[in-house]
Amino acid sequence: HHNCGWPSLLATHNARREDAEGEALARNSMNVSNMLNGLLGGVGAPMVRPQPQTFRRQFKVYSVACANNYKPNMEEGDKILLPQSAFHELGRCMITYPMMFQVKNPKNEAKTHCGVMEFTAPEGLAYFPFWMMSGLCLQNGDIVDIKSVTLQKGNYVKFQPHKTKFTRLSNPRIVLEKALRAFSCLTKGGTIAIKHGQQQFYLDIIETRPGTAITIIDTDVNVDFAPPKDYKAEEKKQKPAPQERKVLKAKEDDGKDAGPVWGAQPGGPKRSSSYFSKLSSGNTLSGRKPKRAPSLLKTKSAPPKKGGAGGWGAPSNANKKKSSFSGKGYSLK
C-alpha cells in the first residue's frame with residue numbers, strides 16, 4: 001500500500017513545481033511588458049526619441065577672407081565656417097539640419113544669429129563674414145561664444161535702409177529678396193549687409209515676427225520698409241537758407257515790386273517793405289516828389305566850340321562880356 005501511494009505523491013509534487021515555474025515566468029513577462037510600456041508610452045505608441053542637447057563652445061574668430069578655401073560668395077549671407085570636431089559634437093548632441101546658432105561677443109554681450117556653411121575651419125577657429133564681425137565689434141583673434149538654438153519660422157520683418165540710395169534702385173524688393181536667399185536667420189535690432197553689383201547696402205532689422213529672432217528658411221515672409229536713416233538729412237538740404245527765407249517773408253508782407261532788398265542774393269526776389277518801396281521810387285515818406293537841387297558839378301562837359309576857350313566855367317555866347325585880358329591869339333614877340 002505504501003509503495004502504491006509514492007508515485008501519486010511524486011506526480012502531485014511535480015505538478016505543483018510546474019505551476020510555480022509558470023507563475024514566475026508570467027510575473028517576469030509582466031515586468032518586462034510594464035517596463036516596455038513605460039519606455040514607449042503604452043502599447044502601440046511610437047518610439048520616443050531622446051531630446052537634442054545644447055551645443056556650446058568658444059572659438060577664436062577670424063574673417064572668412066583668411067580661410068584657405070575662401071570664395072567671394074562667403075562674404076554674402078550669414079553663414080560661418082566651423083572646425084570638423086564641431087560637426088561630430090553636433091551629431092552627438094542630436095542637432096539636425098538646418099543648424100542655427102546664437103553668436104555672442106563676451107566683451108560687450110552683443111548677439112546675433114547665423115547658420116553654418118562648412119566644417120572646414122582649423123581646430124579651435126571659426127570664420128565669420130566681415131560685416132558680421134563688424135556688427136559684433138569683433139577683431140581677428142577675439143573669442144566668440146557659439147550656442148545651438150531652435151528658432152521659429154518668421155512671417156514678418158521690417159527693414160530700415162541706411163541710405164536713400166537703396167530705395168532708388170529700380171526694384172529694391174527684388175534685390176532684397178534675392179539677397180535674403182543667402183541668410184538663414186534674422187535678429188531684431190541687428191544689421192545685415194547685402195550686395196548688389198559693386199555696391200553694398202546696410203539695413204537695420206527693426207521688427208521681426210513672431211519672435212525677436214526668426215528663421216527664414218522654407219517660409220514666406222512679408223517684408224516692409226521704414227524711411228531710410230538719411231531721409232531727414234536730405235529734406236534739410238532742400239529747404240531754403242535762412243537768408244532766402246527772410247526775403248520770401250518780406251515778399252509775403254508787402255506783395256509789391258520794389259528794388260533789391262538788403263541781404264537778398266543776386267537774382268533772388270526783388271520785393272521789399274513799403275518803406276524801401278517809397279525810397280527806391282524817388283518819393284519822400286509823405287508821398288511827395290522831392291525837390292531837385294541844381295547840380296553844382298557837371299557830369300559831362302560839352303565839347304568846346306571852334307575858336308572858343310573851352311574848359312570848366314567857360315562863358316556862353318549869350319552872356320559874353322569884355323575881358324581886360326583878351327587877345328586874338330598873337331604872341332608878344
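Helices here are DSSP runs of H or I with at least four residues, strands are DSSP runs of E with at least two, and both are numbered from the N terminus. This is a predicted model, where local features need pLDDT of at least 70, side-chain atom pairs count only at pLDDT 80 or more, and totals for chains, interfaces and linings use all residues. Residues are numbered from 1 along each chain as its sequence is written, and side-chain values use heavy atoms, with hydrogens and water left out.

**Exercise 1. Get an overview of the chain.**

Task: work out how many helices and strands the chain has, and what share of its residues is buried.

Step 1. Count the elements: the chain has eight helices and 13 strands.

Step 2. Check burial, where buried means under 20% relative accessible area, exposed over 50%, and partly exposed in between (1.4 Å probe, protein chains only). Of the 333 residues, 26% count as buried.

Step 3. Zoom in on strand β2 (residues 79-83): four of its five residues are buried.

**Exercise 2. Trace the neighbours of β8.**

Task: find which strands pair with β8 (residues 156-161), and in which sense.

Step 1. Set the rule: two strands pair if DSSP finds at least two bridges between them.

Step 2. Take β11 (199-209). β8 pairs with β11 in the antiparallel sense, over six bridges. Here K158 stands opposite E207.

Step 3. Now take β13 (residues 222-225), which pairs with β8 in the parallel sense over four bridges. In this pairing F159 sits opposite F225.

**Exercise 3. Put a small sheet in order.**

Task: give the strand order of the open sheet of three strands, and name its edges.

Step 1. The order is β7-β12-β9, and the pairing is mixed.

Step 2. The edge strands are β7 (152-153) and β9 (185-187), each pairing on one side only.

Step 3. Look at one pairing: β7 and β12 (residues 213-215) run parallel over two bridges, with T215 in β12 as the bridge partner of K153.

**Exercise 4. Look into the second largest pocket.**

Task: describe the volume and lining of the second largest pocket.

Step 1. Fix the term. On a 1 Å grid over the protein atoms alone, a pocket is an open set of points where a 1.4 Å probe fits, with protein on both sides within 12 Å along at least five of seven lines; lining residues have an atom within 4 Å of a point. A volume is the space filled by probe spheres set on the points, which are joined across faces, edges and corners.

Step 2. The volume comes to about 410 Å³.

Step 3. The lining has 20 residues, with E76, A179, I194, K195 and H196 nearest the centre. They split into 11 nonpolar, four polar and five charged.

Step 4. α3 (130-135), α5 (172-179), β10 (191-196) and β11 each supply at least two lining residues.

**Exercise 5. Hunt for unusual backbone.**

Task: locate the cis peptide bonds at P98 and P210, and the positive phi values of M94 and D218.

Step 1. Recall the background: most residues other than glycine have a negative phi, and most peptide bonds are trans.

Step 2. Y97 and P98 are joined by a cis bond with omega about -5 degrees; P98 lies in the loop between α2 (84-92) and β3 (100-104). The bond from R209 to P210 is also cis, with omega near 10 degrees, and P210 is in the loop between β11 and β12.

Step 3. M94 has phi near 65 degrees and lies in the loop between α2 and β3. M94 is partly exposed, at 43% relative accessibility.

Step 4. D218 has phi of about 55 degrees, in the loop between β12 and β13. D218 counts as exposed because its relative accessibility is 70%.

Definitions and conventions:
Nonpolar A, V, L, I, M, F, W, Y, C, P; charged D, E, K, R; others polar.
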